[in-house]
Amino acid sequence: MAKPVLSIGIIFKNEIRCIERCLKSLQPLREAISCELVMADTGSEDGSRAVAERYADILFDFPWINDFSAARNSVLDRSSGKWFMTLDADEWFDPGIERLVEFLQLPQDIYHLASYTIRNFKTPNVTDDGNFNDFSAMRIMRNGVGIRYEGCIHEHWVYPEGLNQQVVRLEALVYHDGYAFVSKAAMKAKHDRNMELLKRKLEEDPNNLQTLCECIDTTKTIDDESGEYARRALEVLHKDWEKWGSYGARVYRDAVSVAQLRKLPELLEWADRAVELYPDSIYTQVDVSYCAYAGCWDRKDAVGATRWAELYRRGLDDYRAGKFSRDELLRGHLEFASPFWERRLIIMQVEGYLNLGRYEEAFSTFSCVDGGELDEVQQVEACVNMLLRLHRMAELDTEGMMTRFWEQIGRPEPSENMAQERRAAFINTAAVALTPHYREEEAGREGFKRHSYTALLSLEGKCALGDGAVILNCSDPAELEKWLACKALKDIPISAVAHALSSGIAFPLPSHPMRVEEMDALAGRLVPLGGLLELAAALKKAVGLQGLCWQRALLLAAVQNCGWDNERDFALARAFVDMERQFLPVCYGGTSLTAEGVFMLPPLHRFGWYCAQAFEALDGGDAAGYVRLLREGLAVCEGAKDMVEFLLENTPELKDPSDELKAMAEQIRAVLSRFSPDDPAVAALKQSEAYQKVAYLIEGLDVPISGGLMQ
């Protein structure tokens, strides 16, 4: 049997989640060249071995002895291919294997080592969010030249003396998602296992910088011990610069990464030192710059954050253009070179420029944001707020940028559901720019140039906010009526509707009559904006049943949501009464508008009838009748307690009764004091006309019923 070109070695244990994906991905490679698949099971109990049996050429058991090198060497020893390549079960090959196949088929014997790129995904959304890091993995070696694995954990190759160690970097890509699915419990178990092995290595070689970096990487997301490992690693580096100097950029990167994650005070000191010692290292340009930027941002240092962000983006450009030493990535991955991290930095970089008043740079930086790539609604919200702010402060083409951003977030990437979430976040965030309070507030800010909502004008016909901005930007009642006539009110931002109504348009539109429930719903949407009383006053002269019903909807909504804590609310009570006087006779028969028939009315209209009677008494000089009728209304609509309390406390006629009434009240009190409360004479006196006139002065104005206003 001919010797295979390639032996593929895999060790595994309980990898049922992913092992078949890995093995299937090898099929194109196995079909392109002669391969053998050698697999060692280190103790699977989940069915992984049964899957491996269907693919492996050689499958054997290797009892786990807490030593990765021993397991890998056992696979290597059973491999007969010209080349040997190792792979993990939670990895899988990208289909683009042409260059790998081409290399393996070369007849030369000059090179003995080759690497490919491993893309390590951080989240289960491996194809969506771009959260990954890449590194060069030296995984391919010429078999039979004496290379062996060494190290119980994070194993590496040891080369025989005199071996050509030049590495051929292949354009092949392997994906890895093993960390994306690890639970906290599993992560803790892995941490404990790894640290036990690493501490054993440190006992054997306390000043091994590679082991110290492995300790940093293992502990930095788990506990504060990582900070001590970072300080120790830097101390070892500078004590033995001749031995470890070329490894120093990786060490500083690890130390700065830990400092940023664990909020260590040395963060910026270490970052500056990395730039001084290793300015051309891709670790410094990308990872160190990102961590330093994040540290400055946390400290609200906009100048520092902006400087480091610019260094990071230049480094990222160099990385993607291949302008760096690829040997560096054999020492470890870049943490912050993926689109996932770049998106976050760009968004925050825009805000940094805004904070510094560098508007043109903010504008040009925002042009690098692709809304279709945003995978969190918080990012969309931040982008919208920054665009509104930029529009308010600078005379740049933010309208065009707003249109581009709206179109981008609507792309169904990675799914239509995500696009819908982005659009909803955009609308919810930008809608505030149309509100009166927001417009008033921003107009008072320093540097104000134009209202933010005008940035949305370019979305006319594309988005409800665009239509709302057009309405808000118009003051001609005739034009506003045309706009409202061609739109569904439920689709128009309520701030724009309020603007149109307060501009004096005829409403409801004669061409679009509304049902009562539609009016109530619209009035309810207007409540948070306030000013319902003003709107009702503007429509006071409206004619026809539609106009009257619209006044009713506005005033009932105002009454139902009033806090009854402002003297100005007395005008609302008056307006409510005036509306009831007009509305009740139109909508209800004469029988129901009597003391005997009022029970047939809905609660608020029932109370409204009593209020109308009460104010009629008050206007006729009968303050006692006013109090009595309000109390009678409360008796049939207990939910009106807050309103009644407010009226009794704030009606001017009740606060300063005439001297004649005061004297009459004193006389009646004197008479009552001569009788027992249960004396028939007391009951007779309380029925008299004189008593009724001053009853509220004798009995007080407290309302004895609890409860809120009935909805």
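Two strands are taken to pair if DSSP finds at least two bridges between them, and strands (E, at least two residues) and helices (H or I, at least four residues) are DSSP runs numbered from the N terminus. The model described here is predicted, so local features need pLDDT of at least 70 and side-chain atom pairs count only at pLDDT 80 or more, while totals for chains, interfaces and linings use all residues. Residues are numbered from 1 along each chain as its sequence is written, and side-chain values use heavy atoms, with hydrogens and water left out.

A good place to start is the sheet. Its 8 strands form an open, mixed arrangement in the order 3-2-1-4-7-6-10-5. Strand 3 (58–61) and strand 5 (91–93) each have a single partner strand, so one side of each of these edge strands is left without a neighbour in the sheet. Direction ignored, neighbouring strands are turned by 30° against each other on average. Strand 5 runs antiparallel to strand 10 (residues 167–176), joined to it by 3 bridges, and Phe 93 stands opposite Val 174 in strand 10.

Helix 4 (residues 68–77) lies across strands 1 (6–12), 2 (35–41), 3, 4 (83–86) and 7 (132–142), at about 145° to strand 1. Such angles run from 0 to 180 degrees between N-to-C directions, with axes fitted as lines to C-alpha atoms, for helices over the stretch in contact; contact means heavy atoms within 4.5 Å.

Elsewhere, helix 11 (residues 267–277) holds Trp 270. Trp 270 is buried, with a relative accessible area of 8% (buried means under 20%, exposed over 50%, partly exposed in between, with a 1.4 Å probe and protein chains only). Not counting residues up to four places away in sequence, Trp 270 touches Ala 230, Arg 231, Leu 234, Tyr 252, Ala 255, Val 256, Ala 259 and Leu 264.
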